[in-house]
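Trainee: I am new to this structure and would like a close look at a single part. Could you take me through chain B and the way chain B meets its partner?

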Amino acid sequence: MSILPSTATELTKAFSTGQISALEIATATLKRIGNSNPTLNAFISITQERMLAEAKRVDQARARGAALSPLAAVPYAVKNLFDVEGLTTIAGAKVLATQAAARHDATLVQRMQHAGGLLAGTLNMDALAYGFTTENTYYGATHNPHDMRRSAGGSSGGSAAAVAAGLVPIALGSDTNGSIRVPASLCGIFGLKPTYGRLPRTGTFPFVNSFDHLGPFAATTQDLALAYDTLQGPDKRDAACAQKPVAPTLVQLNLGVKKLRIARLTGYFDQYADATAQSAAHIAARALGVNDEVDLVGVAEARAAAFVITAAEGGSLHLDALRERAEEFEPLSRDRLLAGTLLPAAWIQRAQRYRRQFLQRALALFDRYDLLIAPATPVTAPLLGQAEIQIGKLTLPTRPNMGLLTQPLSFIGLPIAVAPIWPDGPLPIGVQLIAAPWREDLCLRAAHALEEQGIAICQIIASQS
Amino acid sequence: MLDEKAIPNYVITALALQDLHLDPSRQEAVIEQFRLLVQMSQRFMSQPLDADEEPAPVFRL
């Protein structure tokens with residue numbers, strides 16, 4: 001086969017019909033990564049030996065006539081906060097680089113392997129997942145495949161860039177305040193942040209336990225749903241993981257949105273979105289036949305409370321290391337972690353209580369609507385090193401504010417898919433498709449409806465091997 | 001009303017209380033970050049809350 005298919009769905013089809021072997025797929029994938037990564041800097045480690053061994057096992061299973069797993073021969077990669085047996089989980093942080101190697105794969109890596117996936121490597125990120133631009137002082141910046149001068153977003157920037165560059169069809173990332181949705185938006189791909197507690201975090205390095213989510217990135221909604229369905233299932237080793245059975249979404253993708261009640265979020269979500277970001281939300285709303293607009297009250301306060309809890313929980317998690325080796329921490333986030341350790345407990349308690357109030361207010365909206373739409377980022381991809389972003393007449397520091405539109409929503413754990421829109425010019429921007437807790441199926445159906453209409457498109461910047 | 005001038009002293013004292021010993025030249029950056037967190041906190045601290053509004057649960061089943 002001269003040209004390697006770019007999606008997981010096409011790859012499994014080509015593999016299942018004998019057009020290509022898993023070993024050929026793995027070899028071609030490794031070649032692509034070898035060609036592109038020196039300039040892209042999406043991968044921190046390439047698990048070549050493991051990938052080839054997994055490919056051989058998948059080929060042997062097919063030769064034996066075994067039933068094919070759903071992701072048979074599909075390459076994937078994971079943010080480097082997922083444990084991968086034999087590798088040190090550095091979470092983008094020099095301060096963790098001397099830790100022992102992981103003895104087991106993270107639960108979600110195990111599930112991908114069990115489904116026939118081929119692990120290509122681990123991906124770059126903001127140190128300790130604290131950032132929205134994947135500008136990492138020790139491991140370098142990840143570049144945006146659509147414009148190499150620009151940020152891929154963060155903190156799962158390596159994951160999004162690897163998919164957008166066509167290096168792997170599926171990547172896994174984490175989202176505490178927007179770290180799946182921001183890079184998906186800036187790199188123009190699909191991403192899913194499931195409901196808080198849906199996917200187990202066992203074997204991943206935490207950031208803010210009460211906000212941490214894991215989820216997939218993909219170039220199509222079919223691949224996104226395929227990956228998400230593979231990752232689902234309870235795991236009692238993660239105390240926050242709901243013991244819920246798998247709720248398949250792939251089979252529901254084509255159900256459409258005609259019967260769904262959908263509204264576009266206004267107020268804060270317009271105020272902190274530039275003209276392009278607002279345009280993206282309008283385009284998505286129009287394509288989904290949405291006329292209703294609704295204002296969620298108290299979003300700015302929710303974002304502020306999330307910001308403060310993040311600093312406090314993150315600082316608390318790293319307090320011992322901050323005492324002993326503060327100089328090894330990422331300079332771009334170290335001082336905020338230090339400040340976070342000093343916050344009065346009454347403020348944190350108040351922020352958590354406000355979180356409950358805000359959650360109840362948001363849940364009330366879902367009595368009237370099944371789905372809400374908002375931009376994913378205030379602006380398209382900023383330049384690497386760009387200190388400030390411009391939102392209308394407002395000038396704000398780039399690094400903390402790329403999550404302005406995502407942070408208030410992960411604060412209350414709602415499931416959200418991001419779909420890539422191209423309002424004008426060469427850069428994409430994502431829209432958030434937001435549902436009530438546990439209704440990932442609705443987020444994915446809406447993303448699929450936009451994709452089917454040609455409104456949400458992932459333009460892979462691939463160099464075919 | 002928050003006394004902004006109290007922030008540097010609070011930060012320096014709280015750092016010592018946490019056994020976090022920073023070079024004085026580094027303290028200013030932490031004070032700036034703490035000032036930002038104070039500003040953020042003020043946004044939600046003024047929101048009225050009922051006594052029965054306890055910290056948010058996770059969606060655990």
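**A close look at chain B**

Mentor: Happily! Of the 61 residues of chain B, 18% count as buried, where buried means that 20 or more other C-beta atoms, placed from the backbone, lie within 10 Å of a residue's own; with 12 or fewer a residue is exposed, and in between it is partly exposed. A word on the model itself: it is predicted, so local features need pLDDT of at least 70 and side-chain atom pairs count only at pLDDT 80 or more, while totals for chains, interfaces and linings use all residues. Residues are numbered from 1 along each chain as its sequence is written, and chains are lettered from A and ligands numbered from 1 in the order in which they are written.

Now for the outline of the chain. Chain B contains two helices and zero strands; these are DSSP runs numbered from the N terminus, with at least four residues (H or I) for a helix and at least two (E) for a strand. Its radius of gyration is 16 Å, whereas a compact globule of 61 residues would have one near 10 Å. That radius is taken over C-alpha atoms, and the globule rule is 2.2 Å times the number of residues to the power 0.38. Along the principal axes, the C-alpha atoms of chain B fill a box of roughly 45 × 30 × 15 Å.

Next, the meeting with chain A. The contact involves 26 residues from chain B and 38 residues from chain A, two residues being in contact if their C-beta atoms lie within 7 Å. On the chain B side, helix H1 (6–17) and helix H2 (24–45) each supply at least two residues. H2(B) gives the largest share, 10 residues. Sorted by class, this side of chain B has 17 nonpolar, four polar and five charged residues. Here Ala, Val, Leu, Ile, Met, Phe, Trp, Tyr, Cys and Pro count as nonpolar, Asp, Glu, Lys and Arg as charged, and the others, Gly among them, as polar.

One residue of chain A is a good place to zoom in. Leaving aside neighbours within four places in sequence, A:Val308 is in contact with B:Leu37, B:Met40 and B:Ser41, and also with A:Leu343, A:Trp347 and A:Ala351. A:Val308 and A:Phe190 touch the most other members of the largest nonpolar core, which has 164 residues. Helix H10 (residues 299–317) of chain A provides the largest share of this core, 10 residues. A nonpolar core is a set of buried Ala, Val, Leu, Ile, Met, Phe, Trp, Tyr and Cys residues joined through C-beta atoms within 7 Å.
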